[in-house]
Amino acid sequence: AKNAGRNRFSYFTPDMQVEAERRLRLTSDLRIALPGKQFQVCYQPIVDLATGQICKAEALIRWLHPERGTISPLDFISLAEDTGLIVPIGDWVFRQAVQQARQWRGQFHPSFQISVNMSPVQVRQDSLLCARWSDYLAREGMPGQSVAVEITEGLLLQAESKIDEKLLTFRRAGIGISIDDFGTGYSSLAYLKRFDIDYLKIDRSFVQNLSVDEDNQALCEAMVVLAHKLGLKVIAEGVETAEQRDFLKAVGCDFAQGFLYSMPVPPDEFELLAWPRLAE
Ligand code: C2E
Ligand code: CA
Ligand code: CA
Ligand code: CA
């Protein structure tokens, strides 16, 4: 049967076949991952550059595959998008983040905020997503500001995504809105004014080589000035060195996130990192 298949699809190279089989297997594994409790949410600290305090975190999903070990979201989010599984998986991450925010706001810091990634596909496929997430917060008695959603620039430019209405639902609920990977997409500065956005996240590619790359220095500084003029706060992503941190602080960037502070970690490790004395 395999040979017959090969002959019929002779344009299908062996490499493509291997890749297709891998995706097929991973897809069937992905279907049972949520009921099988194979996902974990890790949290990466976001530091206030003025005080050096951890005041926010980004929720990042991990798949602890029973045979393959930990699988990066880069290797399964697109599969989840293609199969529609991104909707229940995304809801699960959101609810985890809300419960985590509840615990950490209560135990450690009353204004702690956790941000959650929203894939464009998720927003487009699921017209009720924003209403459902807002309702969940209300039902749980959690203030909107306890979470923020991270969206990419591309989404704001898609007329068919009805993004205006959707973001308004979040806005009314008080949920924070961040533009992720800023500067890498089809940037249109007009949307920064049109939509009511709270945070601009400077993509890691601009933060790299900050100490030697004068173009990146100019770009980072310009993004901070632009964002502040429009009333947005700035989070720099991928901060790995003290030099990068110092430069960003000097140009007035508000928050920083990156391996300099910590990789994304499970909740118990996060507590030791963020509130070492309180966690004892
Ligand atoms: P992202 O939203 O841009 O998340 C930041 C990524 O950069 C994370 O990768 C993080 O571990 C990594 N990172 C953080 N600091 C540094 C640094 O200093 N240096 C370097 N080189 N990398 C750093 P991760 O966790 O593998 O996630 C990859 C992407 O997968 C995310 O990119 C996001 O687009 C997506 N993703 C992760 N979790 C979710 C989720 O729950 N839902 C959706 N829809 N997408 C998710
Ligand atoms: Ca993100
Ligand atoms: Ca990002
Ligand atoms: Ca990025």
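## The first calcium site

A donor here is an N, O or S atom within 3.2 Å of a calcium ion; water is not among the atoms, so sites may look incomplete. The model is a predicted one. In it, the calcium ion written as ligand 2 has protein donors from Glu58 (OE), Asn117 (OD1), Glu150 (OE) and Asp180 (OD), at 2.2 to 2.3 Å. Along the sequence, the spacing of these donor residues is E-x58-N-x32-E-x29-D.

Two of the donors belong to strands: Asn117 is in strand S4 (residues 113–117) and Asp180 is in strand S6, so this pair ties together parts of the chain that are 63 residues apart in sequence.

## The second calcium site

For the calcium ion that is ligand 3, the protein donors are Asp180 (OD), Asp181 (OD) and Glu237, with Glu237 (OE) listed twice. These donors lie 2.2 to 2.5 Å from the ion. The donor residues follow the sequence pattern D-D-x55-E. Here too, distant parts of the chain are linked: Asp180 sits in strand S6, while Glu237 sits 57 residues away in the loop between strand S8 (233–236) and helix H12 (242–250).

The two sites share a residue. Asp180 bridges the calcium ion (ligand 2) and the calcium ion (ligand 3), and the two ions lie 3.8 Å apart.

## The surroundings of ligand 1

Ligand 1 has 23 residues around it, and the ones that come nearest are Gln44, Arg62, Asn117, Glu240 and Phe259. Asn117 is also a donor of the calcium ion (ligand 2). By class, the shell consists of nine nonpolar, seven polar and seven charged residues.

Strand S2 (54–65), helix H3 (73–83) and strand S6 (176–182) each supply at least two residues of this shell. The most come from S2, which gives four.

## Polar contacts and cover

Several side chains place polar atoms by the oxygen atoms of ligand 1. In the side chain of Arg62, an N or O atom is 2.9 Å from an oxygen atom of the ligand. For Asp180 the corresponding distance is 3.1 Å, and a polar side-chain atom of Asp181 lies 3.3 Å from an oxygen atom of ligand 1. Asp180 and Asp181 are also among the donors of the calcium ion (ligand 3).

On its own, ligand 1 has 800 Å² of accessible area, of which the protein covers 83%. The space that ligand 1 takes up is the largest pocket.

Terms used. Residues are numbered from 1 along each chain as its sequence is written. Chains are lettered from A and ligands numbered from 1 in the order in which they are written. This is a predicted model: local features need pLDDT of at least 70, side-chain atom pairs count only at pLDDT 80 or more; totals for chains, interfaces and linings use all residues. Side-chain values use heavy atoms; hydrogens and water are left out. A residue is near a molecule or strand if one of its heavy atoms lies within 4 Å of it. A polar contact is a pair of N or O atoms within 3.5 Å; within protein, one must be able to donate a hydrogen and the other to accept it, and residues adjacent in sequence count only if both atoms are side-chain atoms. Accessible areas come from the Shrake-Rupley method with a 1.4 Å probe; for residues, only the protein chains shown count as cover. On a 1 Å grid over the protein atoms alone, a cavity is a set of points where a 1.4 Å probe fits but cannot get out, and a pocket is an open set with protein on both sides within 12 Å along at least five of seven lines; lining residues have an atom within 4 Å of a point. A molecule sits in a cavity or pocket if more than half of its atoms lie within 2 Å of its grid points. Ala, Val, Leu, Ile, Met, Phe, Trp, Tyr, Cys and Pro count as nonpolar, Asp, Glu, Lys and Arg as charged, and the others, Gly among them, as polar. Donors are N, O and S atoms within 2.8 Å of the metal (3.2 Å for Na, K and Ca); water is not among the atoms, so sites may look incomplete.
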